Amino acid sequence: MSKLLVKKSGPLKGSVRIKGAKNSVLKLMAASILADEPCTIESVPELLDVEVMITLLESLGLRIHYDKEAEVIVTQPAEKLLCEAPYELIQKMRASFLVMGPLLAKKGISKISMPGGCAIGARPIDLHLKGFQALGAEVTLGHGYIEAKADNGLVGAEIYLDFPSVGATENIMMAATMAKGQTVIQNAAKEPEIIDLANFLNEMGASVKGAGTDTIRVMGVEKMTGSKHQTIPDRIIAATYMVAAAITKGDITIENVVSSHVKPVTAKLREMGVTVEDDDDCIRVISNGPLKAVDITTLPYPGFPTDAQAQFMALLATAEGTSVINETVFENRFRHVSEINRMGANIKIEGHSAVIQGVTNLQGAQVKATDLRAGAALVLAGLIAEGETEIDEIYHIDRGYPQIENDLLALGAAIKRID
Ligand SMILES: CC(=O)N[C@H]1[C@@H](OP(=O)(O)OP(=O)(O)OC[C@H]2O[C@@H](n3ccc(=O)[nH]c3=O)[C@H](O)[C@@H]2O)O[C@H](CO)[C@@H](O)[C@@H]1O
Ligand SMILES: C=C(OP(=O)(O)O)C(=O)O
């Protein structure tokens, strides 16, 4: 199994270009199920999760061509679209569940393995299912599978989400594209990835209005065509490299980023005493003084992203003073705490909060990535820890960072992958 070896690296310097967002591209790929014609998706990063989605779509009958060099995926509609997604694929990646909405819209039936909990929490799918039921689907559970069926097709409805779930908003939005009449999703998630998906759906002939606000209106259409779409840049990878600059007292320019997507991250770095210069699509992060402790509460967008929480935990581990991180999005997203503490940090968990007492330095240790962003946090901590840090179970990191070591090497980090 591969590992990453990270050595104390000194200030990282230079520029890095951000690739397409994992959390957007997986949904765009799922949405291509709806099209009667080929779809072209650009800026597709080379990630494990993308491979899983390709396998899943192929298992449903779509034909996929992925040009990794050009970062382009072309999807061809299935001659006979199947509607069942097995456990093997769903358990590998939660975003697999996002094929349910499009399948239901297109075929009137879909049978998907129930996704289990994962390293960051139980992650139920009740809001997705309530949405499908409101659209007229009959939902049954049995033998570990969820079957949703609408013999006479879906019918538009008003749906209020108890929580602005990203996945539920996306799944319901896709299901509603071909329902009869209008669907209104209230308390919808407002993440940039939702807007990207809505734009793609509209380019395919759907009528989705209000994405990016808390009320999304979808007017059903009869048919969806092909489309060509460029994926938005990955705001969480951008945030990770912003932290890399801050933690190593470096100077990194991040290119191909939408600055407004990382505002909460920029604000927290500035509060810590880091200089952040931002243009619309480029951010320079310069860090040379001491880092101040700050408090952070994760929230749905435009709040501070839970997907950047672990990386900030690594950063705050050596800030001056005591910081508190409140995790409000997932109920169990602190598994990285014990790993960062193995490196000499002083972090205590109190319910949904982590109290971080800054220490003067970290020490390299053998640690393991417990989930994707936890892994990224350990890489960041390894960059400033005395000696060498050996990170195991890095397949988690490969789910969401295309060859993280190459980006960091180019910025001057001492990092290598070993088998
Ligand atoms: C592939 C992808 O895009 N993943 C992102 C997506 O995950 P995902 O779409 O799974 O996240 P959600 O916004 O749905 O989940 C947020 C919270 O709502 C709860 N919930 C969700 C659905 C539901 O039916 N019932 C329910 O209780 C979840 O357990 C969690 O506590 O948004 C999260 C929140 O920004 C990010 O951390 C993930 O990186
Ligand atoms: C939690 C994440 O992804 P997923 O929802 O695919 O587990 C993430 O991207 O940080």
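In this predicted model, C118 touches R94 and R123, when residues up to four places away in sequence are not counted. C118 sits in the loop between strand 7 (109-113) and helix 5 (126-134). The UniProt annotation "active site", from an unreviewed entry, covers this residue. With 14 other C-beta atoms within 10 Å, C118 is partly exposed, because the count falls between the cut-offs of 12 or fewer for exposed residues and 20 or more for buried ones.

The contact between C118 and R94 also appears in the list for R94, which is in contact with P115, C118 and R123 once neighbours within four places in sequence are left aside. R94 lies in the loop between helix 3 (87-90) and helix 4 (100-107). R94 has 18 C-beta neighbours inside 10 Å and therefore counts as partly exposed. In the unreviewed UniProt entry, the feature "binding site" is placed at R94, R123, P124, I125, D126, L127, D307 and V329. One of these residues, D126, belongs to helix 5. D126 has 11 other C-beta atoms within 10 Å, so it is exposed.

Two ligands are present in the description of the surroundings that follows. Around ligand 1 there are 21 residues, of which N23, L127, S165, V166 and G167 come nearest. At least two residues of this shell are supplied by each of helix 1, helix 5 and helix 6. Divided by class, the shell around ligand 1 holds eleven nonpolar, six polar and four charged residues. Ligand 2 is surrounded by N23, M93, R94, A95, I120, D307, L372, R373 and G400. The shell of ligand 2 consists of four nonpolar, two polar and three charged residues. N23 is thus named both among the residues that come nearest to ligand 1 and among those that surround ligand 2. R94 and D307, which surround ligand 2, are also included in the "binding site" feature from UniProt.

Helix 7 was examined for its length and its surroundings. This helix comprises twelve residues (192-203), which at 1.5 Å a residue should span 16 Å; the C-alpha atoms at its ends are 17 Å apart, so the two values agree. The expected span rests on one less than the number of residues, multiplied by 1.5 Å. Within helix 7, the buried residues are P192, E193, I194, D196, L197, A198, F200 and L201. The elements that cover these buried residues include helix 1 (22-31), helix 6 (166-176), strand 12 (207-209), strand 14 (227-230) and helix 8 (235-247). Helix 1 and helix 6 therefore appear in two settings, as cover for helix 7 and as suppliers of residues to the shell around ligand 1. After helix 7 comes G205, with a positive phi near 105°.

Positive phi values were also found in residues other than glycine. The phi of E71 is near 60°. E71 occupies a place in the loop between strand 4 (63-67) and strand 5 (72-76). E71 has 20 other C-beta atoms within 10 Å and is therefore buried, since the cut-off for a buried residue is 20 or more. K249 has a phi near 55°. The loop that holds K249 runs between helix 8 and strand 15 (251-255). K249 is partly exposed, because 17 other C-beta atoms lie within 10 Å. A further backbone feature is the cis peptide bond from Y301 to P302, for which omega is near 10°. P302 is found in the loop between strand 18 (296-297) and helix 10 (309-316).

S9 lies in the loop between strand 1 (3-7) and strand 2 (13-17). S9 counts as buried, because it has 21 C-beta neighbours inside 10 Å. Apart from its neighbours within four places in sequence, S9 is in contact with T248, L383, G412, A413 and A414. S9 and Q403 stand 394 residues apart in sequence, and their C-alpha atoms are 18 Å apart in space.

The confidence scores of the prediction were as follows. The protein chain has an average pLDDT of 97, and 100% of the residues score at least 70. For the model, ipTM is 0.99 and pTM is 0.98.

How values were computed:
Residues numbered from 1 in each chain as written. Chains lettered and ligands numbered in written order. Predicted model: local features only at pLDDT ≥ 70, side-chain atom pairs only at ≥ 80, totals over all residues. Helix = DSSP H or I, 4+ residues; strand = E, 2+ residues; numbered from the N terminus. Contact = placed C-beta atoms within 7 Å. Near = placed C-beta within 6 Å. Nonpolar A, V, L, I, M, F, W, Y, C, P; charged D, E, K, R; others polar. UniProt positions renumbered as here; feature names shortened; annotations may be inferred. pLDDT = per-residue confidence, 0-100.
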